[in-house]
Amino acid sequence: MDYGKVAKAVYEYIGGRENIVSAAHCATRLRLVIGDNKKCSKEALENIDGVKGVFEAAGQLQIIFGTGVVNKVYDEFIKIAGITEASKEDVKKAAAKKQNVFKRAIRTLGDIFVPIIPAIVASGLLMGLLEGLANVWPAMTGSGTYTIIHLFSNAAFVFLPVLIAVSAAKTFGGNLFLGAVIGMIMIHPDLLNAWSVAGMEAADIPSASAWFGLYDINLVGYQGHVIPVVIAVWLMCVIEKKLHKIVPEMIDLFVTPLVTVLVTGYLTLTVIGPVFSALENYVLAGAQALIAVPFGIGGALIGAAYAPTVVAGVHHMYNALEAGLLSSIGLNTWMPIATAANVAQGAAALALALKTRNKKTKAIALPASLSAFLGITEPAIFGVNIRYMRPFIAGCIGGACGGLTAGLFGVGATAYGITGIFGFLITTNYTLQYALVILVASAVAFIISWLLYKEPKENVETAKAQRTEASETEVPKSIEINKHTVYSPIQGTAILLAEVPDDTFAAEILGKGMAIVPESGEVVAPVNGTISTIFDTRHAVGITADDGMEILIHVGINTVELKGQYFTAHVEEGDPVKAGQPLLTVDLEGIQAAGYNLTTPVIVTNSDDYAEVLMTASGKVDVLDQILEVRS
């Protein structure tokens, strides 16, 4: 691959330097923030050599190249664009400025809750495994080991407000330790534990007057709440930053932390906590009510809508919702429905991959499908399904059916942040039900995608037109094609197979034949027949002749290492061809400059079926000169 050429094409198709705001890359994707999307041609980007998909997410234009390629393209891109390197965080910040207030708020929730996923997963896995083992071996619940590990398993949930507060302080640019203090205030032991309040009489709940006797507040902690913590820490960061600007440096170290904690803490316990905990309760109750709609209908609605919210970039809000469910009821009933939606998109992409004859689409769709089954859906949704729409719709239908199954069986998880196949680790009490959710979602999406998907009309028509044009205008009409005869597929100099600088060909391991040192880059069919093989790297073509001969044309020695560079194919596997019809166009100068020998063997691979394979040409040969004859 010519990385400079690829980078230049990307640069041109996104609208040039004046349309670039920022650029970075991750392990597989070039991440760009551009000024005007109308100046960008996504269709042209998708057709660039090496591009495996193009999609927009979180205000970024993301171009998938793959590991080991994207960094080389990026290096060339910043040279051409004349910009400096940027980190993923720089690009995120630039992208955030372009988004509306709602999307920025959703993105912020994701930035807060995603970093604490490892802690939630660790606790959730321990909790799930303990419960699963206890079901198999009930006696273990009385052991000291069980008691100690059980303490570990719920630690992240007991102190969840502190984890959220620290992460929120980092996201909002405040002091992490002051954020931790706010989280600690909200679950201080002097406050009645929120999980102990259920069933208590209102008169028994301790209270205190606030704002000089204006009203009373219950002295209850905020265990099981997440949104009040986020709002409180946001306010803390606003106050802290403001104080840093106005307080003299000499006393800043003392005044700013004191005032920040005092003001934020009092506002949190008297205003923010009571108001936003009530609002959060309504949201969680609504989510639980939706999931609990009879006959699994709620789960079906969520499963159908989940993928569109990924496209809209608002799915990050589900992290907060799942954390709230875990804190309030101890079970994440949202995650299995999300899994249904994810694997359904993967199955839809898999159906497309198996059905399409477009090799580039197949190469993108297969790994994207696997990624979705492991919980990462963006490559499948943006790189494949949304481009053809019908597979995306099939995925939404499959997600609805899987969500219906999850709703009917009440499947729940002990953590969040994991979906797909790995979700079995946090659904140990629902293993069979969870497997059924995946099976139903995948089967429905695969079948519907298979039935609905059709190759784009323009691709089919173009292929037909090329074949028709080649057969009608480029195949010589005067030549008489004899049986058991192979004609030259390329212009050049004929040599014995023993002279080929490759032991495999020279020793006739692949079959008997001859070779040509080419002088032209046009390779044509040497017989009438059918394309039996065309390598992904386009360096070799196999043809089964109408009379049964099996011919292999291998352009150059070891050119498989070029991975398709310098080769253009004009046919696909299964295409009928006539002698003289163009098969490949080859850049001979490029191959030679890359250090590869151009010698092109022409082999009868089923030589054992014949008594003799005779070379009938020497020296200079033109296209369609007779070069081989087989005798029974």
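Residues are described here as buried when their relative accessible area is under 20%, as exposed when it is over 50%, and as partly exposed in between, with a 1.4 Å probe and protein chains only. The structure is a predicted model, in which local features need pLDDT of at least 70 and side-chain atom pairs count only at pLDDT 80 or more, whereas totals for chains, interfaces and linings use all residues. Residues are numbered from 1 along each chain as its sequence is written, and side-chain values use heavy atoms, with hydrogens and water left out.

The protein has 22 helices and 20 strands, where helices (H or I, at least four residues) and strands (E, at least two) are DSSP runs numbered from the N terminus. Of its 632 residues, 48% count as buried. The protein exposes about 29400 Å², of which carbon and sulfur atoms supply 61%; accessible areas come from the Shrake-Rupley method with a 1.4 Å probe, and for residues only the protein chains shown count as cover. When contact is taken to mean heavy atoms within 4.5 Å, residues 24 or more positions apart account for 72% of the contacts in the protein with a separation of 6 or more.

Helix α10, which spans residues 176-186, has as its buried residues Leu178, Gly179, Ala180, Ile182, Gly183 and Met186. The cover over these buried residues of α10 includes α9 (160-172), α11 (227-246) and α12 (249-291). At the N-terminal end of α10, Asn175 acts as a cap, with a side-chain oxygen that lies 2.8 Å from the backbone nitrogen of Phe177. For such polar contacts, a pair of N or O atoms must lie within 3.5 Å; within protein, one must be able to donate a hydrogen and the other to accept it, and residues adjacent in sequence count only if both atoms are side-chain atoms.

A further buried position is Gln345, found in helix α15 (residues 335-355). Gln345 counts as buried because its relative accessibility is 0%. Leaving aside residues up to four places away in sequence, Gln345 touches Ala307, Ala380, Ile381, Asn385, Pro391, Phe392, Gly395 and Cys396.

The structure also holds 5 aromatic pairs. The rings of Phe424 and Tyr434 have their centres 4.9 Å apart and their planes at 90 degrees, so this pair is edge-to-face. Because Phe424 lies in the loop between α18 (390-409) and α19 (431-452) while Tyr434 lies in helix α19, the pair ties together parts that are 10 residues apart in sequence. Phe424 is partly exposed, with a relative accessible area of 27%, whereas Tyr434, at 0% relative accessibility, counts as buried. In another pair, the rings of Phe446 and Trp450 have centres 6.1 Å apart and planes at 20 degrees, so the pair is stacked. Both Phe446 and Trp450 lie in helix α19, 4 residues apart, about one turn of the helix. Phe446 is partly exposed, with a relative accessible area of 24%, and Trp450 counts as partly exposed at 35% relative accessibility. In these assignments, rings of Phe, Tyr and Trp (its six-membered ring) pair if their centres lie within 6.5 Å, and planes under 30 degrees apart count as stacked, over 60 as edge-to-face and the rest as tilted.

Among the strands, which pair if DSSP finds at least two bridges between them, 3 form an open sheet in the order β10-β16-β14, with antiparallel pairing. The edge strands of this sheet are β10 (522-524) and β14 (567-569), each of which pairs on one side only. Strand β14 is joined by 3 bridges to β16 (residues 582-586), and the two run antiparallel; Phe567 stands opposite Val586 in β16.

Strands β5 and β6 also run antiparallel and are joined by 4 bridges, with Ala208 opposite Ile217 in β6. The hairpin that they form has 4 residues between the strands, and in it Trp211 takes a positive phi near 50 degrees. Trp211 lies in the loop between β5 (207-210) and β6 (215-218) and is partly exposed, with a relative accessible area of 32%. Most residues other than glycine have a negative phi. A positive phi, of about 60 degrees, is also found at Arg538, although this residue is not a glycine. Arg538 is located in the loop between β11 (529-534) and β12 (540-545) and, at 25% relative accessibility, counts as partly exposed.
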